[in-house]
Amino acid sequence: MLIKTRKPIPSSEITPESVYRSRRDFIKGSMNLAVGAGMASSGLLSPVAMAQDGSQPRTAEQLNLASKPQWLANKVAESRPAPDSGPYTTNEMLTPYNDVTTYNNFYEFGTGKSDPSRNAEDFQSDPWSVEITGEVNRPGTYTLEDILRPHTFEERIYRLRCVEAWSMVIPWIGFPLGDLLSRFEPTGNANFVEFETLVDPQQFSEQRSRFALIDWPYREGLRMDEAMHPLTIMAVGLYNDILPAQNGAPLRLIVPWKYGIKSIKSIVKINFRRDMPPTTWNDIQANEYGFYSNVNPNVSHPRWSQATERRLPSGLFDSRIETQMFNGYADEVAHLYAGMDLRVNY
Ligand code: MTE
């Protein structure tokens, strides 16, 4: 994977987290009251998009949310806040909205960190559908509305650790992937699940390039027990609004104990399989990117250490923190790998 350096971010750009959190507490209090009064779905209490600097909310255009379907925006706005404690939240400083949405890996839009936010402005994610295939009783092509309608969205504040050794803390909006997969009734032969990103050279500039590194579509996969784990979510939003295109609109995977490469964006296909699926980065460089890609400070990437990470938004030299086993989610997921040699199954 290409590693590029960037200038330190001035502290003036850091989101005042207290503003976001106090707003959440307010919403939470209101939600509790609303549920008691039977008004939770009235839409009256919908959170609004969080202002990056705590003062001026950004416009839909600035957010690259021009094609935002209103029904989805409304549903995202009705999401439940993350629980106060436990693995679904953290008190670590949130990475500011501006960094989350301008420092991205989305090779379909280019390989530079700022390419996705620059090139995603006209991306259309409405209408959208997802094809369900393989070892399931209910295969088919489902509209985004079919996919999302039965699910209640929840905020999950997770660490995102990229294999390139930078990390962020992001308030996602989503729902457990397992709840979605169960609806398609996987057969007893479904041992793995495979995901694919949209192929659309008209929309994805890098898919038009003859020199692209990736053999499209971008593909990822999980073992079935990883996919069904309650920490694994299908994300549809962040910071209380729908996903900007550069972050994987309209729906993407988030697997917080794995390197970010597993968290595939803009999903159009879910295939249930008997055997382990091929994955994009493993195909490109198998000795560097394994199928599991669990965050592991003890197993270096062949070209760099994974023992520490650069937590955004701080500068390059003052913000390295120790990387935690399974990105800090070991209590929840270590048992999935009991007895496995994690140096071999990296
Ligand atoms: N999904 C697709 N389709 N294409 C990509 O290039 N990059 C991955 C992952 N999902 C990628 C992708 C990598 S390497 C990371 S670190 C995360 O997306 C980054 O997510 P973010 O840009 O929302 O922080």
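Two strands are taken as paired where DSSP finds at least two bridges between them, and strands themselves are DSSP runs of at least two residues, numbered from the N terminus. With that in mind, one can turn to this structure, which is a predicted model, and begin with strand β11 and its partners.

Strand β11, covering residues 308–311, is joined by three bridges to strand β12, residues 320–322, and these two strands run antiparallel. Within this pairing, E309 stands opposite I321 of β12. Strand β11 also pairs with strand β4, which spans residues 166–176; here two bridges make the connection, and the two strands run parallel. One of the positions that can be followed in the model is S167, whose bridge partner in β11 is R311. Strand β11 is thus bridged to β4 in parallel fashion and to β12 in antiparallel fashion.

The loop between β11 and β12 contains P313, and the peptide bond that joins L312 to P313 is cis, with an omega of about 20 degrees. Another cis peptide bond leads from D126 to P127, where omega is near 5 degrees; P127 has its place in the loop between α4, residues 115–119, and β1, residues 129–134. A further backbone feature is found at Y239, which has a positive phi of about 45 degrees although this residue is not a glycine. Y239 lies in the loop that runs between β7, residues 233–238, and β8, residues 241–242.

From the backbone we pass to the ligand. The space that the ligand takes up is the largest cavity of the model, and 17 residues surround the ligand, of which Y107, E108, T197, R252 and K265 come nearest. Sorted by class, this shell consists of eight nonpolar, six polar and three charged residues.

Which atoms of Y107, T197 and N247 lie close to polar atoms of the ligand? For Y107, the atom concerned is a backbone N or O atom, which lies 2.8 Å from an oxygen atom of the ligand. For T197, an N or O atom in the side chain is 2.9 Å from a nitrogen atom of the ligand. For N247, a polar side-chain atom lies 3.0 Å from an oxygen atom of the ligand. As for how far the ligand is enclosed, the protein covers 100% of the 530 Å² of accessible area that the ligand has on its own.

Key:
Residues numbered from 1 in each chain as written. Predicted model: local features only at pLDDT ≥ 70, side-chain atom pairs only at ≥ 80, totals over all residues. Heavy atoms only, no water. Near = heavy atom within 4 Å. Polar contact = N/O pair within 3.5 Å; in protein donor to acceptor, adjacent residues only side chain to side chain. Areas by Shrake-Rupley, 256 points an atom, 1.4 Å probe, with all protein chains shown as cover. 1 Å grid on protein atoms, 1.4 Å probe; cavity = no way out; pocket = protein on both sides within 12 Å on 5 of 7 lines; lining within 4 Å. Sits in = over half its atoms within 2 Å of the grid points. Nonpolar A, V, L, I, M, F, W, Y, C, P; charged D, E, K, R; others polar. Helix = DSSP H or I, 4+ residues; strand = E, 2+ residues; numbered from the N terminus.
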